[in-house]
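Thank you all for making the time this morning. I would like to walk you through one structure, and I will try to keep to what can be read from it.

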Amino acid sequence: MTMKHIFLYGPPGAGKSSVGQVLAERLRWPFVDLDLEIERSAGQAIPQIVEQQGEAGFRNLETETLERAVNESPRVIALGGGALLRHENRMLAENNGKIILLMAEPTTLLERLQSNDRKRPLLAGDLRSRLSALLEMRREHYASFPLRIPVDGKSAQQKARQAQMAAGRHHLSAMGEYDVVMDDVSSLKDFSMENPLIVTDENVAKFHAQPVLDGLSASGLYPKLLTVRAGESYKTLDTVIQLWRGFVEAGLERKSTVIALGGGVIGDLAGFAASTFMRGIDWVGVPTTLLAMVDSSLGGKTGFDLPEGKNLIGSFYPPRFVLIDPHLLETLPGAEFISGMAEVLKYGIISDPELFALCGHGLDWIKANLEEVVQRAVAVKVAIIEEDPYEQGLRASLNLGHTVGHAVELVSHFQLRHGEAVAIGMAAEAKLAERLKVATQGLSEVVAGALSALGLPSEIPRGLPRDELIRAMQMDKKRSKGVVRFALPVEIGRVELLDVTDLESVLEDG
Ligand code: NAD
Ligand code: ZN
């Protein structure tokens, strides 16, 4: 198993240790403060080490300690402020994980250093002038690290969340315990798995099955492959049976692992089949559509459709881990990508104004900066499902655009893609929110503008009869005791749950 640590680096006072501790806790990883580790192994405080052995002697100890640390299991490592000045150390860190630089304004650093009693021999004397000299000297050095997060004015929790986003890692524990990792799909081999079987669909198989098979085989895992027909119309019990029987034929046992390589349909099907096969075997999500990366692979919901309705049968069954590689989206048809962007924009409206703004840069920019966009969207969904794994309250905010959207999907007989229907739903619900004075004036214009910039629809197609849409929403209402709970946007970054009884008013214009 390759070691993938997270290194926190940056000037003294940036909060590497405090952020590191919170980050390690959130990831359920051990935490190492390299300076403390050096002191422990030297049996001496750093000022004494520097005094007796000079800065070079201290740096030698630093290299030795770092070498030891990188050979351990994955951990969060807070580095000293000059630990990577030495080329050898920098290589050690770069080859063994991700380096995240915490950046802060000199005033912030000074404030923290003044309130902190750790002895820093390199800053001895007049703190203010020593610090600015040190920052000046290391300016280019710090600027040479590409993963940087600004930490001014943020709590340790907020900084840790940002670091998580930069590192592309989450640990979920509200329903099952699993990691969500953003990395190259080739890193699949680094996770321990027994007797893996890849479940995919015919479209995904064309592009991505062979590289994944080869990658795993090269590390001695020799997975088997089970390919099913593509598309929602195959999200049926028949396909589930095909999977179960395929599992038997492939010799899967209690400890085997199913790898779901595909979009939401494959994830739902393979996850469900795994949840019931031999009373439940491990499964792993490797999403290949934008929708699956930011939505369906997160949250542990699995299932299939009946002729009577979508997703009627299913189970909560969290995966062992989810591996998200945005590069897999390069082969995704454009319309599927745009449809997935509706959910991304939804997360922006629910709780991430910055993400909403990024979506405004247009599709080309988004495709060029996909990692950041996917990572932010994933972070929103993860935060929500961690708070409310079984959909009792908060998770309902994820329904933004979906109350009207589901009706539009249904009445269009699924001619519209899910994301397109949700886009229309978000636009209609933003208008409703304005009419009800829940939202700030002009919000619906802003939402509609963002949708059309992404190539998404924002108007209910003329051909769809209003009365049928209302009837479709009423069916929802019957199921939930007379009211329909809407997630309505208040402003970009905030939604409010509101029960609406008068559904006639929902689709009014203006
Ligand atoms: P999908 O799985 O049908 O994929 C869409 C199309 O893209 C398919 O034709 C597929 O073969 C193709 N494809 C997938 N990845 C590709 C790639 N990288 N390159 C080329 N082609 C590729 O649909 P989807 O939009 O990913 O998922 C929709 C499903 O997800 C629905 O069934 C919905 O109910 C479910 N869903 C589940 C959850 C959940 O929490 N479990 C949440 C939202 C949606
Ligand atoms: Zn959706």
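I will take the zinc site, then the surroundings of ligand 1, and then the aromatic contacts.

Please keep in mind throughout that what you have in front of you is a predicted model, and that the values I quote are computed from it.

Let me begin with the metal. Which residues coordinate the zinc ion, ligand 2? The donors are Glu343, through OE, together with His402 and His418, each through NE2, and the distances run from 2.0 to 2.1 Å. Along the chain these donors follow the spacing E-x58-H-x15-H, and the two histidines sit in separate helices, with His402 in H17, residues 402-411, and His418 in H18, residues 418-435, 16 residues apart. As for their surroundings, His402 has a relative accessibility of 7% and is therefore buried, whereas His418, at 22%, counts as partly exposed. I would be careful with the coordination number here, because water is not among the atoms and a site may look incomplete for that reason.

Let me turn now to ligand 1. There are 25 residues around it, and those that come nearest are Glu232, Gly264, Thr288, Thr289 and Thr331. For three of these I can give you a polar contact to an oxygen atom of the ligand: a polar side-chain atom of Glu232 lies at 2.5 Å, a polar side-chain atom of Thr289 lies at 2.6 Å, and in the case of Gly264 a polar backbone atom is found at 2.7 Å. How much of the ligand does the protein cover? Taken on its own, ligand 1 has 860 Å² of accessible area, and the protein covers 87% of that. The shell draws at least two residues from each of helix H9 (202-218), H11, helix H12 (290-296) and strand E13 (309-316), and H9 supplies the largest share, namely four residues.

That brings me to the aromatic side chains, where the structure holds six pairs. One of them joins Trp244 and Phe272, whose ring centres are 6.5 Å apart and whose planes meet at 45 degrees, so this pair is classed as tilted. Since Trp244 belongs to helix H10, residues 237-249, and Phe272 to helix H11, residues 264-276, the pair ties together parts of the chain that are 28 residues apart in sequence. Trp244 is partly exposed at 26% relative accessibility, while Phe272, at 8%, is buried.

A further pair also involves H10: the rings of Phe247 and Phe277 have their centres 5.2 Å apart and their planes at 90 degrees, so the arrangement is edge-to-face. Here Phe247 lies in H10 and Phe277 in the loop between H11 and strand E11 (282-287), with their positions 30 residues apart in the numbering. Both are buried, Phe247 with a relative accessible area of 0% and Phe277 with 8%.

Elsewhere, ring pairs link Tyr9, Tyr142 and Phe145 into a cluster, and Phe145 also has a charged neighbour, because Arg90 lies over the face of its ring at 3.9 Å from the centre, within the 6 Å that I use as the limit for such a contact. A second case of this kind is Lys367, which lies over the face of Phe337 at 4.9 Å from the ring centre.

I will stop there and take questions.

Conventions: Residues numbered from 1 in each chain as written. Chains lettered and ligands numbered in written order. Predicted model: local features only at pLDDT ≥ 70, side-chain atom pairs only at ≥ 80, totals over all residues. Heavy atoms only, no water. Donors = N, O, S within 2.8 Å, 3.2 Å for Na, K, Ca; no water. Buried < 20%, exposed > 50% of the residue type's maximum accessible area, 1.4 Å probe, protein only. Phe/Tyr/Trp six-rings, centres within 6.5 Å; stacked < 30°, edge-to-face > 60°. Lys NZ or Arg CZ within 6 Å of the ring centre and 35° of its normal. Near = heavy atom within 4 Å. Polar contact = N/O pair within 3.5 Å; in protein donor to acceptor, adjacent residues only side chain to side chain. Areas by Shrake-Rupley, 256 points an atom, 1.4 Å probe, with all protein chains shown as cover.
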